[in-house]
Amino acid sequence: EQQYMQRWRKDYDEALILEAEVARLTKLEYEEQCQKELARHEAIAAENKHAKYMKHFNMCKDTLMQIVDFSCIAGHYRHLSEQPIPVQMWRQWKALFVAGKPFYEDKAETPAEIEEDSEAVAVLNECDMDQYKSLVGEWVPPDEHPEITPHMPSQNNYILGRILKRL
């Protein structure tokens, strides 16, 4: 019985040692997996940070280039004509600038570029429509035609303006 007890104790100690070794290996494997996941997480975070930086960089660069184009086209017009820029042209340039469309017309070679040109034309058409609705620019009725002015509401009649706006 004493031999049986010694054998049982020896098996028990070996099982404890084996279980401790398995637990140690499992812990090492878990730590390695955690390090790999952490490295992967850091790589994804760095990639997202770089993508965000590039997005903001490109947005700032495009805005700066549009400002430069806007000033160049205005300077070029003033240099050629030696006169102030017409209000209508200034409004069109401003509408293109706000919409983020290019000022200079490039020759369209592909259908995608033709579509971009049509978007710029749509922006200019919308600008013209807004001017027409608000009667500014070239749409201001002349003073010499009194038959037009009675049909227009007075500029300081806020009640009529609110009623017309709600209609």
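Colleague: How many aromatic pairs does a search of the whole structure find?

Modeller: The search turns up five aromatic pairs. Keep in mind that this is a predicted model.

Colleague: What makes the pair of tryptophan 8 and tyrosine 12 stacked?

Modeller: Two values do it. The ring centres of tryptophan 8 and tyrosine 12 are 5.6 Å apart, and a pair needs centres within 6.5 Å. Their planes sit at 10 degrees, and stacked calls for under 30 degrees, so the pair is stacked.

Colleague: How far apart are tryptophan 8 and tyrosine 12 in helix α1?

Modeller: Four residues, which means about one helical turn separates tryptophan 8 from tyrosine 12.

Colleague: Why is tryptophan 8 called partly exposed, and what about tyrosine 12?

Modeller: Tryptophan 8 has a relative accessible area of 47%, and tyrosine 12 has 45%. Buried would be under 20% and exposed over 50%, so tryptophan 8 is partly exposed, and so is tyrosine 12.

Colleague: What kind of aromatic pair do phenylalanine 70 and phenylalanine 97 form?

Modeller: A stacked one: phenylalanine 70 and phenylalanine 97 are 5.7 Å centre to centre, with 25 degrees between the planes. With limits of 6.5 Å for pairing and 30 degrees for stacking, both values fit.

Colleague: How do you know that this pair links distant parts of the chain?

Modeller: Phenylalanine 70 is in helix α1, phenylalanine 97 is in helix α2 (residues 87-99), and they are 27 residues apart. The pair also has company, with Phe70, Trp90 and Phe97 forming one aromatic cluster.

Colleague: Buried or partly exposed: which word goes with phenylalanine 70, and which with phenylalanine 97?

Modeller: Phenylalanine 70 has 16% relative accessibility, and the cut-off for buried is under 20%, so phenylalanine 70 counts as buried. Phenylalanine 97 comes in at 24%, which puts it in the range from 20% to 50%, so phenylalanine 97 is partly exposed.

Colleague: On to charges. How many salt bridges does a search of the whole structure find?

Modeller: Three salt bridges come out of it.

Colleague: What makes the contact of aspartate 11 with arginine 7 a salt bridge?

Modeller: The closest N and O atoms of aspartate 11 and arginine 7 are 3.9 Å apart. The limit is 4 Å, so this one qualifies as a salt bridge. Both residues lie in helix α1 (residues 2-81), four residues apart, about one turn of the helix.

Colleague: How do you know that arginine 24 and glutamate 21 meet in a salt bridge?

Modeller: Their N to O distance is 2.5 Å, and the requirement is within 4 Å, so arginine 24 and glutamate 21 pass. They are three residues apart in helix α1, about one helical turn.

Colleague: Why are arginine 40 and glutamate 37 said to meet in a salt bridge?

Modeller: By the same kind of check: 3.1 Å, N to O, against a limit of 4 Å. Arginine 40 and glutamate 37 are also three residues apart in helix α1, separated by about one helical turn.

Colleague: What makes arginine 40 partly exposed, and glutamate 37 too?

Modeller: Arginine 40 has a relative accessible area of 49%, and exposed starts over 50%, so arginine 40 stays partly exposed. Glutamate 37, at 42% relative accessibility, is partly exposed as well.

Conventions. Residues are numbered from 1 along each chain as its sequence is written. This is a predicted model: local features need pLDDT of at least 70, side-chain atom pairs count only at pLDDT 80 or more; totals for chains, interfaces and linings use all residues. Side-chain values use heavy atoms; hydrogens and water are left out. A salt bridge is a side-chain nitrogen of Lys or Arg within 4 Å of a carboxyl oxygen of Asp or Glu. Helices (H or I, at least four residues) and strands (E, at least two) are DSSP runs, numbered from the N terminus. Buried means under 20% relative accessible area, exposed over 50%, partly exposed in between (1.4 Å probe, protein chains only). Rings of Phe, Tyr and Trp (its six-membered ring) pair if their centres lie within 6.5 Å; planes under 30 degrees apart count as stacked, over 60 as edge-to-face and the rest as tilted.
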